[in-house]
Amino acid sequence: MTGEPLNHASPLAPEWLAVPADPNALHEPLWAAGVERNVDGELAIDGMTVSELQRQYGTPLFVMSENDFRARARAFSDAFNDAFADICGGVDVYYAGKSFLCTAVVRWVEEEGLRLDTASGGELAVAARAGIPGADVALHGNNKSDGEIHRALDMQLGRIVVDSLAELERVAAIAASRGETAKVMLRLTPGVHAHTHEFIATAHEDQKFGLSMAEDSTDQAGLSAAEEAVAAAAGHASIELLGLHCHIGSQIFEPDGFALAAVKLLTFLAAMQKKYSIVLPELDLGGGYGIAYTPVDTPRPAAEIAQAMAAVVRSTCADLGITAPRISIEPGRAIVGSSTFTLYEVGTLKTVRVDAPAAGTHGSGEEPAGKNVTYPRRYVSVDGGMSDNPRPVLYDADYSAILASRTSGAAPQLSRVVGKHCESGDIVVRDVYLPEDVAAGDLLAVPGTGAYCWALSSNYNYLARPGVVAVRDGSARLIVRGETEEDLLNRDMGV
């Protein structure tokens, strides 16, 4: 049995993965502005070549374009402020720090006029070290500790997003014990299904986040948890209730879910205003805007998202006869995700033969049904893996990759980029066409790794976590130092 020619699409590849016309070309939506191949065919970012970055900082390495990050932050701020100017005077844009956070990024966020969304005491510590005013910071979390609540009050945070009735009572009690008032938003679950992986969909009922908007049959008054929370917050002198919050999920391309969530929360807000004479001045519609990880992904521009959301808020408020609340949003991935790629060095290569239906057997009648042929699939091992990008094993996330250290005229071969961990699921890029002549010592670049890769990284197999380098106008600097083995051993207290 013979293998499929290497320059043809392999039946082992998923349907969406086409053989690239030019495997050396960069598909622009996947990359930061300023990433290109130089005259020698080597990948460069803002003039810095990948070989120079490897020489200075080693691999694996997260490589971020500071200019691109800032430009994407400005694009969201400008687009949403323009779209909502006539509705509520503009929008407050909170960068979702959970996607990637360090002190340099906090400073960029502040300098570009954005605010910061945090989800733990540790993220608050980063914000404090960076010096951003507490009034520009929000704190999320479904299980905040008393210490985190105290820190939020110490920093005079602009908002604490309360996730449950029990937490509301704790925040109120802690603020009262300090003789202070906590600025609070209530996170609601609007029951909206977001078209994304179930692990990152966060607005349906059966999950840990938020106050349900569904009426509770066990409650004597038949109130929902959301309405109970509004009434309770209004009764606490130590709570300033700013408004409502929701977040329907992550990596979402279609606007329908955002629109439905906005309608449901505005309707609820109007009902609370009528029933309790409570005016809630703010509404946070969350984030979750998707980016391109593969050539078939089609994220919407910030301006298109903003105009679609503004149209829904404008018409809904008019229908309800209410003044539009001040809107806020929380993009994270959409700002940092495509600003960054991960640089790896190739090590071991291995080609296996895999059985698959012969070409033409997929109902075409060209070959007998059920006839199998063996096809080649190549495993390309790199010097990182699931310790620097666990998203493929966590969410079945797809990524792309290119040969970065040079161009190649060799035929493309279906490849699987894998890490060096002691796990068969240690896959960085499940399916990608790479040149047949990729060899040990070559550099590969995986785009779109700015969000939730470094943030979710681990020391599995005692691998040190990579550093993060920011490149701007032809120069690079470390913004997060890579760990050393000494860093890992410093926590080992011995016997």
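Helices here are DSSP runs of H or I with at least four residues, numbered from the N terminus. By that assignment, G113 comes just after helix α3 and has a positive phi of about 85°. The model is a predicted one, and the account below starts with α3 and its partner α2.

Helix α3 spans residues 103–111, and A104, V105, V106, W108 and V109 within it are buried. An α-helix has 3.6 residues a turn, so residues three or four places apart point the same way. Helix α2 covers residues 66–88, and E66 is found in it. The axes of α2 and α3 come within 10 Å of each other and cross at roughly 40°. That angle makes α2 oblique to α3, because angles under 35 degrees are needed to count as roughly parallel. The handedness of the α2 and α3 crossing is right-handed. On the α2 side the meeting residues are E66, F69 and R70, and on the α3 side they are V105, W108, V109 and E111. Sorted by type, the residues of this contact are 4 nonpolar, no polar and 3 charged.

E66 belongs to this contact between α2 and α3. With a relative accessible area of 3%, E66 is buried, because buried means under 20%. Its side chain makes a polar contact of 3.3 Å with the side chain of W108. W108 is itself among the buried residues of α3. Leaving out residues up to four places away in sequence, E66 touches W108, V471, R472 and R477. Strand β20 runs over 467–472, so V471 and R472 fall within that strand by the DSSP assignment.

Strand β5 takes up residues 91–96, and V91 lies in it. The relative accessible area of V91 is 5%, and V91 is therefore buried. Residues up to four places away in sequence aside, V91 touches F80, N81, F84, R326, I327, S328 and I329. V91 and I329 are 238 residues apart along the chain, yet their C-alpha atoms are separated by 7.4 Å.

The second helix pair is α8, residues 256–276, with α9, residues 302–320. Two packed helices are described by the angle between their axes and the distance between the axes. For α8 and α9, the axes come within 10 Å and cross at roughly 30°. The two helices are therefore roughly parallel to each other. Their crossing is right-handed. Helix α8 contributes F258, A259, A262, V263, L266, T267 and A270 to the contact, while α9 contributes M309, V312, V313, T316, C317 and L320. These residues divide into 11 nonpolar, 2 polar and no charged.

V312, in helix α9, shows this contact from the viewpoint of a single residue. Its relative accessible area is 18%, so V312 counts as buried. Apart from neighbours within four places in sequence, V312 is in contact with A259, A262 and V263. V312 and V263 are 49 residues apart in sequence, and their C-alpha atoms are 7.3 Å apart in space.

Another buried residue sits in a loop. H421 lies between β17 (412–418) and β18 (427–435), and its relative accessible area of 7% is why H421 is called buried. A polar contact of 2.7 Å joins the side chain of H421 to that of S387. The residues that H421 touches, not counting those up to four places away in sequence, are G384, G385, M386, S387, D426, Y460, N461 and L463.

The remaining points concern backbone geometry. Most residues other than glycine have a negative phi, and most peptide bonds are trans. Q156 is not a glycine, but its phi is positive, at about 55°. Q156 is placed in the loop between α5 (146–154) and β8 (159–162). With a relative accessible area of 64%, Q156 is exposed. Y462, also a residue other than glycine, has a positive phi near 60°. The loop that holds Y462 runs between β19 (443–447) and β20 (467–472). Y462 has a relative accessible area of 52% and is exposed, since exposed means over 50%. The peptide bond from T59 to P60 is cis, with omega near -5°. P60 is in the loop between α1 (50–57) and β4 (61–65).

Notes. Residues are numbered from 1 along each chain as its sequence is written. This is a predicted model: local features need pLDDT of at least 70, side-chain atom pairs count only at pLDDT 80 or more; totals for chains, interfaces and linings use all residues. Side-chain values use heavy atoms; hydrogens and water are left out. Buried means under 20% relative accessible area, exposed over 50%, partly exposed in between (1.4 Å probe, protein chains only). A polar contact is a pair of N or O atoms within 3.5 Å; within protein, one must be able to donate a hydrogen and the other to accept it, and residues adjacent in sequence count only if both atoms are side-chain atoms. Contact means heavy atoms within 4.5 Å. Axes are lines fitted to C-alpha atoms, for helices over the stretch in contact, and angles run from 0 to 180 degrees between N-to-C directions. Angles under 35 degrees count as roughly parallel, over 145 as roughly antiparallel, 65 to 115 as roughly perpendicular and the rest as oblique. A crossing is left-handed if the near helix is turned anticlockwise from the far one by less than a right angle, and right-handed if clockwise. Ala, Val, Leu, Ile, Met, Phe, Trp, Tyr, Cys and Pro count as nonpolar, Asp, Glu, Lys and Arg as charged, and the others, Gly among them, as polar.
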